[in-house]
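The briefing below accompanies a single protein chain and is arranged by topic. Please read it with the sequence and the model side by side.

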Amino acid sequence: QVQLVESGGGLVQAGGSLRLSCAASGGTFSNYAMGWFRQAPGKEREFVAAISRSGGTTYYADSVKGRFAISRDNAKNTVYLQINTLKPEDTAVYYCAADTRLIGWRTASSAYDRWGQGTQVTVSS
């Protein structure tokens, strides 16, 4: 059973950048599409980005297109989320997730059955 651990969050001034990492252990990482989601206090969890098993296809929420980039290194069992030009509205807990059942639904949280504990991103104005 794959386990996921996020890291890289922190407090950043608006306009700055962060790179989040999600390290996977167990399972076969290269078999799984991966996603990033975020949840702000009092709000629903929302889709951020997804990447196919090989890394050849990516998908982004409209709110982050052009600023966020998802990537993966299957040799390191790690998926990344590069976040540029941070805005206060990006403040949230960011979670990575794995589609170990190979459902292939890019934006639906229900498609992902393995989740990390999250890493906090806080953007100050």
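**Charged pairs and loops in an all-strand chain**

With a relative accessibility of 47%, Arg 101 counts as partly exposed, since that value falls between the 20% and 50% limits. The model is a predicted one, and in it the chain has 11 strands and 0 helices. The points below begin with the whole chain, then take up the salt bridges, and end with two loop residues that have a positive phi and with a third loop residue, Asn 31.

**The chain as a whole**

- Followed along the sequence, the secondary structure reads β-β-β-β-β-β-β-β-β-β-β, in keeping with the count of 11 strands and 0 helices.
- The radius of gyration of the chain is 13 Å, which agrees with the value near 14 Å that a compact globule of 125 residues would have.
- Taken along the principal axes, the box filled by the C-alpha atoms is roughly 40 × 25 × 25 Å.
- Buried residues make up 41% of the 125 in the chain, and the accessible surface comes to about 6400 Å², with 44% of that surface belonging to carbon and sulfur atoms.
- When contacts between residues at least 6 apart in sequence are considered, 56% of them join residues at least 24 apart.
- The side chains include 13 positive and 9 negative ones, and the centres of these two sets lie 4 Å apart.

**Salt bridges**

- The structure holds 6 salt bridges, and among them is the one between Asp 113 and Arg 101, with an N to O distance of 3.9 Å, which falls within the 4 Å limit used for a salt bridge.
- Both Asp 113 and Arg 101 sit in the loop between strand 9 and strand 10, 12 residues apart; Asp 113 is partly exposed at 23% relative accessibility, as is Arg 101 at 47%.
- Salt bridges with shared partners bring Arg 38, Glu 46, Arg 67 and Asp 90 together in one network.
- Within this network, the side chains of Glu 46 and Arg 38 meet at 2.7 Å, N to O; Glu 46 is partly exposed, with a relative accessible area of 36%, whereas Arg 38 counts as buried at 6%.
- Arg 67 and Asp 90 also form a salt bridge, again with an N to O distance of 2.7 Å. Because Arg 67 lies in the loop between strand 6 (58-60) and strand 7 (68-73), while Asp 90 lies in the loop between strand 8 and strand 9, the pair ties together parts that are 23 residues apart in sequence.
- Arg 67 is buried, with a relative accessible area of 10%, and Asp 90 is buried as well, with a relative accessible area of 1%.

**Thr 85 and its surroundings**

- Thr 85 is not a glycine, yet it has a positive phi of about 50°; its place is the loop between strand 8 (78-83) and strand 9 (92-99).
- With 44% relative accessibility, Thr 85 counts as partly exposed.
- Beyond its neighbours within four places in sequence, Thr 85 is in contact with Gly 15, Gly 16, Ser 17, Arg 67 and Asp 90, and the last two of these names are also the partners of a salt bridge.
- Although Thr 85 and Leu 18 are 67 residues apart in sequence, their C-alpha atoms are 9.1 Å apart in space.

**Leu 102 and Asn 31**

- Leu 102, which is likewise not a glycine, has a positive phi of about 60° and is found in the loop between strand 9 and strand 10 (114-115).
- Leu 102 counts as partly exposed, with a relative accessibility of 49%.
- Asn 31 belongs to the loop between strand 3 (18-25) and strand 4 (33-39), and at 34% relative accessibility Asn 31 counts as partly exposed.
- Setting aside neighbours within four places in sequence, Asn 31 is in contact with Arg 53 and Leu 102.
- The C-alpha atoms of Asn 31 and Arg 101 are separated by 9.5 Å, while the two residues are 70 residues apart along the chain.

Note on methods
Residues numbered from 1 in each chain as written. Predicted model: local features only at pLDDT ≥ 70, side-chain atom pairs only at ≥ 80, totals over all residues. Heavy atoms only, no water. Helix = DSSP H or I, 4+ residues; strand = E, 2+ residues; numbered from the N terminus. Rg over C-alpha atoms; globule rule 2.2 N^0.38 Å. Buried < 20%, exposed > 50% of the residue type's maximum accessible area, 1.4 Å probe, protein only. Contact = heavy atoms within 4.5 Å. Areas by Shrake-Rupley, 256 points an atom, 1.4 Å probe, with all protein chains shown as cover. Lys, Arg positive; Asp, Glu negative; His and termini not counted. Charge placed at Lys NZ, Arg CZ, Asp CG, Glu CD.
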